[in-house]
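Please open the model in your viewer and keep the sequence panel beside it, since the tour moves from one selection to the next.

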Amino acid sequence: MKEILRVGKIVNTHGLKGEVKVIPLTDDPKRYNELEFVLIDGVKRNIESCKYQKDRVIVKVEGINSIEEAEKYKNKYMEIPREYAVPLEDDTYYIADIIGCRVYDTEGKDLGEVYDVIQTKNNDVYWIKKPKELLIPVLLDIVIDIDVESKKIIIKPVGEWQDED
């Protein structure tokens, strides 16, 4: 399991004093109120303040004091060590732990590795690219077991929940 988790992606500058506009990569954007620091390129940076704007968080990071300095951080990720992450409820997982898991059906067929997790309004979707592209809705009647420790996910056979090509 990954020891460093992404909590946001810096997408732009905000104002002239070094604030950055962040897309939160967490289920609860208000989480930024509790963050004392983040890692950017592996460097610990204290958070001085944050405010909220639609689906973005405006963050003032210590040491970034001008729009020119803030520009250098565009498209970089804000991360935290796992021990500072919000504890999860039972049967919920960090996306970082799902990506890279191998998916098998109940008959033992290897369907590939989770490339990404697409978050939709109703449920997440596991995206497998190889050997054959497959989108797996994360629903209780499809996903049977998730074991992030052994990087293994078991689902019902594809033909039971999706028409095969």
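What follows is a walk through a predicted model, starting with the whole chain and ending with single residues.

**The whole chain**

Begin with the complete protein in cartoon view, where the secondary structure comes to three helices and 12 strands. The C-alpha trace spans about 55 × 30 × 25 Å along its principal axes, and of the 165 residues, 36% count as buried. If you switch on a surface, the protein exposes about 10300 Å², with carbon and sulfur atoms supplying 47% of that area. Colouring by charge brings up 26 positive and 34 negative charges, whose mean positions are 8 Å apart. Among the contacts with a separation of 6 or more, 50% are accounted for by residues 24 or more positions apart.

**The two cores**

Next, select Val 20, Tyr 32, Val 38, Val 59 and Met 78, which are the residues with the most contacts inside the largest nonpolar core, a set of 21 residues. Strands E1 (4-14), E2 (19-24), E3 (37-40) and E5 (56-61), together with E6, are the elements that give two or more residues to this core. Keep Tyr 32 selected and show what surrounds its position: leaving aside neighbours within four places in sequence, Tyr 32 is in contact with ten residues listed here as Val 7, Gly 8, Val 22, Pro 24, Thr 26, Cys 50, Tyr 52, Val 57, Val 59 and Met 78. A second, separate core has 17 residues, and for this one you can select Ile 98, Val 117, Ile 142 and Val 143, which are among its members.

**Strands E7, E8 and E9**

Now move to strand E7 (residues 102-105), which runs antiparallel to E8 and is joined to that strand by three bridges. To see one of these pairings, select Arg 102 together with Glu 113, its bridge partner in E8. The hairpin of E7 and E8 has four residues between the strands, and in this hairpin Gly 108 takes a positive phi near 90°.

On which strand does E8 pair over five bridges, and in which sense? The partner is E9, and the pairing is antiparallel. Val 114 and Ile 128 make a convenient selection here, since Ile 128 is the bridge partner of Val 114 in E9. A hairpin of four residues joins E8 to E9, and Asn 123 has its place in the loop between these two strands. Is Asn 123 buried or exposed? With a relative accessibility of 18%, Asn 123 counts as buried, because the cut-off for that class is under 20%. Apart from neighbours within four places in sequence, Asn 123 is in contact with Ile 118, Pro 137, Val 138 and Leu 139.

**Backbone details in the loops**

The last stops concern backbone geometry, for which the background is that most residues other than glycine have a negative phi, and most peptide bonds are trans.

Select Asn 75 in the loop between helix H1 (67-71) and strand E6 (77-81); its phi is near 70°, a positive value in a residue other than glycine. Asn 75 counts as exposed, because its relative accessibility is 52% and the cut-off is over 50%.

Go on to Asp 91, in the loop between E6 and helix H2 (95-98), where phi is again positive, near 60°. Asp 91 also counts as exposed, at 68% relative accessibility.

Finish at Pro 131, found in the loop between strand E9 (124-128) and strand E10 (134-137). Show the backbone atoms of Lys 130 and Pro 131, and you will find a cis peptide bond joining them, with omega at about 5°.

Conventions:
Residues numbered from 1 in each chain as written. Predicted model: local features only at pLDDT ≥ 70, side-chain atom pairs only at ≥ 80, totals over all residues. Heavy atoms only, no water. Buried < 20%, exposed > 50% of the residue type's maximum accessible area, 1.4 Å probe, protein only. Contact = heavy atoms within 4.5 Å. Core = buried A, V, L, I, M, F, W, Y, C linked by side-chain atoms within 4.5 Å. Areas by Shrake-Rupley, 256 points an atom, 1.4 Å probe, with all protein chains shown as cover. Lys, Arg positive; Asp, Glu negative; His and termini not counted. Charge placed at Lys NZ, Arg CZ, Asp CG, Glu CD. Pairing = 2+ DSSP bridges.
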